Amino acid sequence: MHRLDESLLMSLPPFSLLDRPQVRAILDRATSRRYDIGATVFQEGHDAEQFFLLLDGTIRVVKITADGEQITSLHIPPGQLFGFAKAIGRTTYPATAMVASESVILSWATPLWDTFITEYPGFAQASAKTVGSRLTELNSRIIDMSTQHVEQRVARALSRLVSQSGQRTADGIEIGFPITRQDVSEMTGTTLHTVSRLLSSWEKNGLIKSKRKKITICDPHRLTLLGEG
């Protein structure tokens with residue numbers, strides 16, 4: 001970990017309110033690991049022995065319903081904390097974290113959460129903001145699922161992914177990690193058939209391009225309008 005320069009991380013949300021020696025002290029207690037696509041970082045219901053920071057890549061957070069259905073609740077972009085069960089009063093992970101694109105992740109033992117919160121007020125402030133933002137996003141997803149038509153839900157889901165990980169290409173803005181139509185159906189609480197029919201229609205109309213687990217938004221403004229209904 002000493003080879004990871006703290007100056008590279010000081011702009012990230014968990015560290016942005018800290019000075020360089022404080023960031024160095026936190027990094028010295030971290031473990032770094034690279035994960036391949038499809039790997040599981042932790043599983044729902046397992047003891048929350050660590051919390052994590054995503055340095056590079058994308059994490060897909062998945063919930064399993066009572067009847068065994070898998071639902072993607074959100075995607076986590078680089079630079080964010082996740083798996084912080086301690087911060088929401090839990091001893092187990094509330095969901096499963098899976099690697100959506102090759103990722104580099106830092107981790108700390110869960111008991112260090114309270115240590116960092118106490119010793120580094122800047123970390124506490126930034127972490128509270130992250131927790132609040134995450135809960136707000138989940139609440140927005142619940143509202144979307146209960147009040148919006150399928151077309152709106154899919155449009156809003158794709159717009160969120162573009163804002164989090166979009167990469168500009170010659171055709172538009174590409175979602176920056178592999179994503180399938182099944183993934184989109186899980187994110188939006190609809191069937192694979194419905195999502196496939198909708199995305200095919202959008203592709204014919206020049207709104208998106210979809211191939212090989214990649215979705216490119218050719219007209220982001222029109223997609224936003226669809227999400228707004």
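This short presentation covers a four-stranded sheet, the helices around it, and two pockets. Please keep in mind that the model is a predicted one.

Let me begin with the sheet. Four strands make up an open sheet, and their order is β7-β8-β10-β9. The pairing is antiparallel. At the edges sit β7, residues 167-168, and β9, residues 208-211, and each of these pairs on one side only.

Consider next the pairings that involve β10. Strand β8, residues 173-174, runs antiparallel to β10, residues 214-217, and two bridges join them. Within this pairing, Glu 174 has Thr 216 of β10 as its bridge partner. On the β9 side, β9 and β10 pair over four bridges, again in the antiparallel sense. Here Lys 211 is bridged to Lys 214 of β10. These two strands, β9 and β10, form a hairpin with two residues between them. Which residue in the turn has a positive phi? That residue is Arg 212, with a phi of about 50°.

I turn now to the helices that meet the sheet. Helix α4 lies across β7, β8 and β10, and its direction is at about 90° to β10. Helix α6, residues 192-204, also packs on the sheet, where it touches β9 and β10. The direction of α6 makes about 125° with that of β9.

The helices also pack on one another. In general, two packed helices are described by the angle between their axes and the distance between the axes. For α4 and α6, the axes come within 11 Å and cross at roughly 70°. Angles of 65 to 115 degrees count as roughly perpendicular, so α4 is roughly perpendicular to α6. On the α4 side, the contact is made by Val 150, Glu 151, Val 154, Ala 155 and Leu 158. On the α6 side, the residues are Thr 194, Val 195, Leu 198, Leu 199 and Trp 202. By class, this contact has eight nonpolar residues, one polar and one charged.

Helix α4, residues 150-165, has a further partner in helix α5, residues 181-188. Their axes come within 10 Å, with a crossing angle of roughly 110°. The two helices are therefore roughly perpendicular to each other. From α4, the contact takes in Arg 153, Val 154, Ala 157, Leu 158 and Leu 161, while α5 brings Val 184, Met 187 and Thr 188. Six of these residues are nonpolar, one is polar and one is charged. Val 154 and Leu 158 of α4 are thus named in the contact with α5 and in the contact with α6.

I come finally to the pockets. Rolling a probe the size of a water molecule over the atoms shows where empty space is left. The largest pocket holds about 350 Å³ of space. It is lined by 19 residues, and the closest to its centre are Val 61, Pro 94, Ala 95, Arg 134 and Leu 138. Two or more lining residues come from each of β3 (50-64), β4 (70-76) and α3 (121-147). Which element gives the most to this lining? It is α3, with four residues. By class, the lining has 15 nonpolar, two polar and two charged residues.

The second largest pocket has a volume of about 260 Å³. Its lining consists of 16 residues, and Pro 13, Gln 80, Lys 129, Thr 130 and Ser 133 lie nearest its centre. Both β4 and α3 supply at least two residues of this lining. The largest share, seven residues, comes from α3. How does the lining divide by class? There are six nonpolar, seven polar and three charged residues.

To close, α3 gives the most to the lining of the largest pocket, and the largest share of the lining of the second largest pocket also comes from α3.

Definitions and conventions. Residues are numbered from 1 along each chain as its sequence is written. This is a predicted model: local features need pLDDT of at least 70, side-chain atom pairs count only at pLDDT 80 or more; totals for chains, interfaces and linings use all residues. Side-chain values use heavy atoms; hydrogens and water are left out. Axes are lines fitted to C-alpha atoms, for helices over the stretch in contact, and angles run from 0 to 180 degrees between N-to-C directions. Angles under 35 degrees count as roughly parallel, over 145 as roughly antiparallel, 65 to 115 as roughly perpendicular and the rest as oblique. Contact means heavy atoms within 4.5 Å. Ala, Val, Leu, Ile, Met, Phe, Trp, Tyr, Cys and Pro count as nonpolar, Asp, Glu, Lys and Arg as charged, and the others, Gly among them, as polar. Two strands pair if DSSP finds at least two bridges between them. On a 1 Å grid over the protein atoms alone, a cavity is a set of points where a 1.4 Å probe fits but cannot get out, and a pocket is an open set with protein on both sides within 12 Å along at least five of seven lines; lining residues have an atom within 4 Å of a point. Grid points are joined across faces, edges and corners, and a volume is the space filled by probe spheres set on the points.
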